[in-house]
Amino acid sequence: MTIYHSESRRLQDRFDTRRLADRIEERLVHDTIDESDRAFIEARDMFFLATADPDGKPQCSYKGGDPGFVRVVDERTLAFPSFDGNGMYLSLGNLAANPQVGLLFVDFSGQKRLRLNGVASIDLDDPLLREYPRAQAVVRVRVTEVFPNCPRYIHKLELVERSRFTPRADCEPPAPEWKRREWAHDVLPAGDPASEG
């Protein structure tokens, strides 16, 4: 079994990278999260999530939190919370219909990245839910491939400040301004804090 398909192979052959691609798959791609991967993943405060609907229409979303918000449950499973967003549920809707997901973890200051692909599930009653303040659900991803990604084009960036909207146990995050605007205020879900005042 290979991670490459015929079109990947066609391009590899066109640019004479098939041998290199095979070596990368042989040496670097694995189906478990090792201790180095775990440390890298759990130190991140953000990642990008790629999903696709049943027809293959893609979505890519940014997921952020405090470091450790993505947890490695075991060598084949990770979990992360789904927090209140804009109510569109494009990513979660996609993974409910098509559970194949891709996650990209990037360390911008250390200029390193890791790809993780797998099969996702959503649990509204996951035991980890109580450990994530204000989370609506927990997403678990069963790993199919984990591999480092070439870091040479990663721009070196430094963190200035984490989002004040990140849910935390010790404080209530402020309501985002867009929820108070005329176009959104009257259609917020029941009990949304932004509808008060």
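**Second largest pocket and two positive phi values**

The second largest pocket encloses about 380 Å³ of space, where a pocket is an open set of points on a 1 Å grid over the protein atoms alone at which a 1.4 Å probe fits, with protein on both sides within 12 Å along at least five of seven lines, and a volume is the space filled by probe spheres set on the points, which are joined across faces, edges and corners. This is a predicted model, in which local features need pLDDT of at least 70, side-chain atom pairs count only at pLDDT 80 or more, and totals for chains, interfaces and linings use all residues. Residues are numbered from 1 along each chain as its sequence is written, and side-chain values use heavy atoms, with hydrogens and water left out.

Pocket lining

- The second largest pocket is lined by 13 residues (those with an atom within 4 Å of a point), of which Ile24, Arg115, Pro148, Asn149 and Cys150 are the closest to its centre.
- Strand E6 (112–123) and strand E7 (135–149) are the elements that give two or more residues to this lining, and E7 gives the most, with three residues; strands are DSSP runs (E, at least two residues), as helices are (H or I, at least four), numbered from the N terminus.

Backbone at two loop residues

- Aspartate 16, in the loop between helix H1 (6–14) and helix H2 (18–27), has a positive phi near 55 degrees, and this residue is exposed (over 50% relative accessible area, 1.4 Å probe, protein chains only) at 52%.
- Arginine 134, in the loop between E6 and E7, has a positive phi near 65 degrees and is partly exposed (between 20% and 50%) at 33%.
- Most residues other than glycine have a negative phi.
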